[in-house]
Amino acid sequence: MDSLDELIRPIRHSPQLPLLVDRLTQQLQAERDARERFYDEMTPEQKIEFIDGEVILHSPARNRHLDASGRIYKLLHTFVARHRLGTIKAEKCLCVFPRNDYEPDIVFFGLEKTSQVEPETMKFPVPDLAVEVLSPSTEARDRGVKFEDYAANGVGEYWIISTEEATVEQFVLDKGTYHLRMKSSSGRLVSTVVTGLELEVEAIFDEEKNLAALAQILA
């Protein structure tokens, strides 16, 4: 029995099932209408998401958040570009899921999905790798609805970065469920999605080690 069967099992034989289906249908239609307005009104200047029927507008990030995400982006972009593995995007890349729209801090698209992206694209496909750098206002979603949605829709690898603890949590998808492969403030992070990618965890949090890692990639 999969997770969807487990979810609907308690109400499958309920006499109130038709009423429940009607109510859910109305909710989904209201969400679709709100989502269309979201698409019409969003602008490239905003960092904005559509989650559970609501528009989420993000506030500016703290400096340590920007530093960590910038270092990760440089490492991933350099490696992926050098080996021609696909595309890395950051910050305002709106990824469209069946129900929600997210702008992860960093995403990787393999060659197949990269081929779907045009110069004027504003709505991107589900990524192959997603990276979220935690902040007090986003941690609940990063570990909650995003964690569940990324897994349910085939994001093969998910990194959660804590700048407070200087740690990386690497989750790998297996049979529709994320499994924690590593949580560490040191050692090597070996990607299962970006072929050949190995990063020193400390290179995410230390500028000198980041530069050394970049030099190694380019060597």
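Seven bridges join strand 9 (residues 167-174) to strand 10, and the two strands run antiparallel. This is a predicted model. Strands 9 and 10 belong to an open sheet of six strands with mixed pairing. Two helices described below, helix 3 and helix 6, contact strands of this sheet.

**The sheet**

- The strand order across the sheet is 3-6-7-8-9-10.
- Strand 3 (86-90) and strand 10 (177-184) are the edge strands, each pairing on one side only.
- From one strand to the next, the twist averages 15°.
- Between strands 9 and 10, D174 has T177 of strand 10 as its bridge partner.

**Helices on the sheet**

- Helix 3, residues 63-83, lies across strand 3, strand 6 (106-110), strand 7 (129-133) and strand 8 (157-162).
- The direction of helix 3 is at about 170° to strand 3.
- Helix 6, made of residues 145-152, packs on the sheet and touches strand 7, strand 8, strand 9 and strand 10.
- The direction of helix 6 makes about 160° with that of strand 8.

**A buried position in strand 9**

- Q170 is located in strand 9.
- Its relative accessible area is 1%, so Q170 is buried, the cut-off being under 20%.
- Leaving aside residues up to four places away in sequence, Q170 touches E157, Y158 and W159.
- The contacts of Q170 also include H179, L180, R181 and M182.
- L189, V190, S191 and T192 complete the list of residues that Q170 touches under that sequence limit.

**Exposed loop positions**

- P15 sits in the loop between helix 1 (3-8) and helix 2 (17-41).
- P15 counts as exposed because its relative accessibility is 78%, and the cut-off for exposed is over 50%.
- P15 and G154 are 139 residues apart along the chain, and their C-alpha atoms are separated by 34 Å.
- S59 sits in the loop between strand 2 (54-57) and helix 3.
- With 53% relative accessibility, S59 also counts as exposed, because the cut-off is over 50%.
- S59 and S137 are 78 residues apart along the chain, while their C-alpha atoms are separated by 8.8 Å.

Methods:
Residues numbered from 1 in each chain as written. Predicted model: local features only at pLDDT ≥ 70, side-chain atom pairs only at ≥ 80, totals over all residues. Heavy atoms only, no water. Pairing = 2+ DSSP bridges. Helix = DSSP H or I, 4+ residues; strand = E, 2+ residues; numbered from the N terminus. Axes fitted to C-alpha atoms, helices over the stretch in contact; angles between N-to-C directions. Contact = heavy atoms within 4.5 Å. Buried < 20%, exposed > 50% of the residue type's maximum accessible area, 1.4 Å probe, protein only.
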